[in-house]
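This report describes selected features of the structure shown below. Please keep the sequence at hand while reading.

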Amino acid sequence: MEHQLTTSVSSDAAGRRALIGDTKPRRKKVRKSLDDEADRGVLSEHERRRGGVRASMTGVHVVLFVGLVVAGLGPILWLAKAAVTPTQDTLQHPFELWPNGIDWANLSTAWNDVHIDQYFVNTLVIAAGSWLFQVLVATTAGYALSVLKPKYAPILNMAVLATMFIPAVVLLVPLYLTILHPPVIGTSLLNTYWAVWLPAAANAFNILLVKRFFDNLPREVFEAAKTDGAGPFRVFWSIVLPMSRPILGVVSVFAIIAAWKDFLWPLLVLPDPAVQPLSVRLPAVQSQTELDVFLAALAISTIIPVALFLIFQRLFLRSAGLGGAVKG
Amino acid sequence: MKSAAKVAIASFAALALAGTLAGCGTGSGDESGKLELRVATFPPGADQAAYDAFAVQEKQFEKLNPDIDVIGVEYEWKAPTFAAQLAGGSLPDVFTVPFTDTKTLLENGQLMDVTKEVKDLGYADKFNPIIIGEVQDDDGNIFGFPRQAYAMGLHYNRDLFTAAGLDPDQPPTTWEEVRADAKAIAEKTGKAGYATMTMGNTGGWQLTAQSISRGAEMQKDNGDGSYTSTLNNDGTKATLEYFHDLRWEDDSMGDNFLLDWGSINQEFAAGNLGMYTSGSDVYTALVRDFSMKPEQYGLTVIPTEGADAGVLGGGDIAVMSPKIDDAHKAAGVKWIDWYYMQKLLNKDAAQADAKALADSDQAVGTPVLPVLDKATYDQQQEWIKPYVNVPTDQMAGFFNGIFDQKPVGEFKGQTQPIYGLLDNVIQAVLTDENADVDALLTKADSDAQALLDGQ
Amino acid sequence: MTVTDHPPVVRDALPPEPPASVAPRRRRKRNPATWVRGGGLSNLIFLAPMLIVFTVFSWSPIVQSVIMSFQKTNLVQPATWVGLDNFERVLSDPNLGTAIVNTLYFAFLALLFGFPIPLFLAVLMSEVKRGKGLYSALAYMPVVIPPVVAVLLWKVFYDASPNGVFNTMLGWVGIPPQPWLQSAATAMPSLVIEATWAAAGGSIIIYLAALISVPPELYDAAEVDGAGIWRKVWHVTLPQLRGVLFIMLILQIIATSQVFLEPYLFTGGGPNNATLTILLLIYRYAFQNSLGGDYGEATALSLMLAIFLGLMSWAYFKLTERWSTN
């Protein structure tokens, strides 16, 4: 799992490099895991063997490990403890382990009263839809602008790029009005997931990433396919998409993280609690929920993504095993 | 190729379905042939019991009006969401707004004119004239049903009083006694003796209430549609210096100074706070939404000092959106009449309502001010007496004193934005020991005047 | 994974060859059949999703926001033209200065905490030989926690009473309790500490990935020249990272100038506007007033912020272009 974590993130970095047009040829070794012994860093083997360096590296090791556990895991562990601790114990003795016993009922109260399950499903639906639309728009547009290249492509390219210079906040009010009175459909999109999915898909950054990636794909392959009589749809589906898995991974990670983080926009366009994601719902019920139950709700909301994160990593592992087929 | 299209179509279909389902939750399709009426219920996070009580009342109403399907919608008057809902047209058909907002809303054409309906129902003359004035335009047209009014009261935690060696049946009657009791509570129990709201315009609201209790006038109505800000007055200054002393000399205000209506209620209900001021009707929410233990609750009148001193009051109004059609309007009026008004006017309705609430452990008898004339109010109190389940003897201080206090309404010009300015003043005094009260008030006053002149 | 199975970025230097079918089509007479055969229709089909979402949800709202900044509207009554009134009112709003200073302060603190710390940690972590995956996972943990949950949890940590989580910890080392969010002086640093904690993991992982691509030959060469550990870090590692560092810097400036979640959920902009940021001010203009916001003022301020951010992004593109060609 850990290997997967680091490699999947290196794809993230690759995306950023592609974005900034970093032309440096990358070392073949990158493929290997970060634990690879052959990979060297600042320290040479020789230096590692020196007593002083060795001792201080051990010290660094310990400090680093403890620091990371405290900062990375500490808050989660504390939350896990607080989730089953009565309010007064949490307030009076935040670091004592259950001076007055464990209160398991917090969890069921949070689950039943705060309806974490429902809001979590809402969050997932929002993330999945945002992801699908972002990938759909980014790949089709990237393909059209990079590979098909109609003669008006540069103008469109500029128009898309230009939106990157406009911060999202400018759009807040007019976009909100667009959701209230969308063109053609005539019925407000307020309280529907379309109001979150569709604006998320208008993401110039994704298109730029994908286009840059497509720009770098070997043209000969397309030409060969064309000579074999493949139309633009077939080239897209059977050649371009399979080759673009890495960049799709990057776009997917960005899309899902963005959907997961989004707060202000869903707060505005999903006023109905029944369709709200956790990010909007938790602050809304905070003051009406007793602290111990609220912390239990926070804990449940945390456990689920952490667990999904781990499962997601395993899935990644498996698809990476199948992923060798990309070349073929 | 085929597979590409298939996958695309399948995922689109799935998404379309999800999108439509999400939309359905709030749509107003009326398959049963009934008219769907969306009405405001409770703030998010209310008790299950509150919903149970509402369900009972909903059934009763639908039995009387078989052609109307009432749909309860979670609702809280909270500035950001209200503005968004108002603009987006996603408010329920029937909802409530505080007095402070009604003037602007009706001037903007955002409320349904119900003059004829109020007259037809026959209780137009019964309203307390000061209160009906809150929902009338210059021509006397009526735009809503005042349904509940409150006066500011001093809420206190009886358990903390006892723990601090104070007598919970002898609550403080002057601001100096409040200070002494707050200090005793802070010293003996380690909890906050006294606190006040500071955020989301509630800080200005409470600062105004406490200034008025010291005889302040926050704004002059010039009678020609213009207003003069008088925030920099002796009463407000005295209030701020009082807070400064409680906070920095006595350290009896706890550690959290970023509180709004919800969070201060939460602190109070959790037993972390000795005393605070808020509307007299907050008991209902404290017990229903914040799980307060009734036996801990105490209520008395807000102390008043000086000849001009008064008690700030307010209330809310049941209104309808001007955008709904006649059928919904008629249904909405029926609902308002039945749900909000008849229980104030009619013995059977009053008792049925009280019984429904009492049966599901909801508060009956929470102290409110009469929206109708005093005689009707006293009569109604008499009807529901058998069902009263709030600890009225713990509210004796309020019941005994409130009708001797001079009621004062909230100032009218730019109420909420000026409350927002005052939030900053109270926050500064509570979080900065060296805050300059005079400078803060001078600045707030000129900013307020700029707001008033900008209209 | 598959990222490195083919070298996508190497070919950047070559000018992309135009598809063969494009050039001859230009001269041909326009008629629908040749247009379809020449790929015009499939071009449009592939462009359609982008054209639709960008037109409806990006381009036209941008135009609309420019229009609205010259109008007064509360969405109920018809909009009226007010010229530059909105801009004048925003610029004369005493809160604007506060919001700008606060936002700059946030950005400054965020750079102070959020820039060197992840870099330092990443360099240290890259020297770890075993269990680097575990280290990365630990560092990344805070990123997995939903941001709203993180803020709400930290709000509990920041309890200003002596029994608060952080104050208890300070007590262990003899530091008196701090007011955290409850004082104008400490509120902003408290927000930044949480924001740094929440974001550091992502930066660390990016730096780690960049560190891997530092060619080992450079270290070997430096050692031949007799460089010690610190000199290698200074003269090899950091220069090799400068591209990534620069991008991260600009991205962070762009992100911090739009900070909203932390001040909104932690303090609501208080105490006494100490954490009022530009975005929070825009939000207040548009959505805080229960009686229908001042959308004109909100869009006017948004536009002004957009111009600043536009300049930043432009500088970012220009400079990255220069970095990558050097």
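The text takes the chains in turn, beginning with chain A.

This is a predicted model. For chain A, the UniProt annotation "transmembrane region", from an unreviewed entry, covers residues 58-80, 119-143, 155-180, 192-214, 235-260 and 293-312. Two of these spans are set out in the table.

| Span of chain A | Helix | Strand | End C-alpha atoms apart |
|---|---|---|---|
| Residues 58-80 | 100% | 0% | 31 Å |
| Residues 235-260 | 96% | 0% | 33 Å |

Helix α9 of chain A comprises residues 194-201. Eight of its eight residues are buried, so helix α9 of chain A is largely enclosed by the rest of the structure. Among the buried residues of α9(A) are the two tryptophans Trp194(A) and Trp197(A), together with Val196(A), Leu198(A) and Pro199(A). Ala195(A), Ala200(A) and Ala201(A) are buried as well.

In chain B, strand β3 spans residues 94-98 and contains Phe95(B). Phe95(B) counts as buried because it has 23 C-beta neighbours inside 10 Å, where 20 or more are required. Leaving aside residues up to four places away in sequence, Phe95(B) touches Ala40(B), Tyr75(B) and Val319(B). Phe143(B) is 48 residues from Phe95(B) in sequence, and their C-alpha atoms are 13 Å apart in space.

For chain C, the domain assignment gives domain 1 as residues 16-68 and domain 2 as residues 87-325. Taken over C-alpha atoms, the centres of domain 1 of chain C and domain 2 of chain C are separated by 39 Å.

Key
Residues numbered from 1 in each chain as written. Chains lettered and ligands numbered in written order. Predicted model: local features only at pLDDT ≥ 70, side-chain atom pairs only at ≥ 80, totals over all residues. Domains from an automatic or database assignment. Helix = DSSP H or I, 4+ residues; strand = E, 2+ residues; numbered from the N terminus. Buried ≥ 20, exposed ≤ 12 C-beta atoms within 10 Å, placed from the backbone. Contact = placed C-beta atoms within 7 Å. UniProt positions renumbered as here; feature names shortened; annotations may be inferred.
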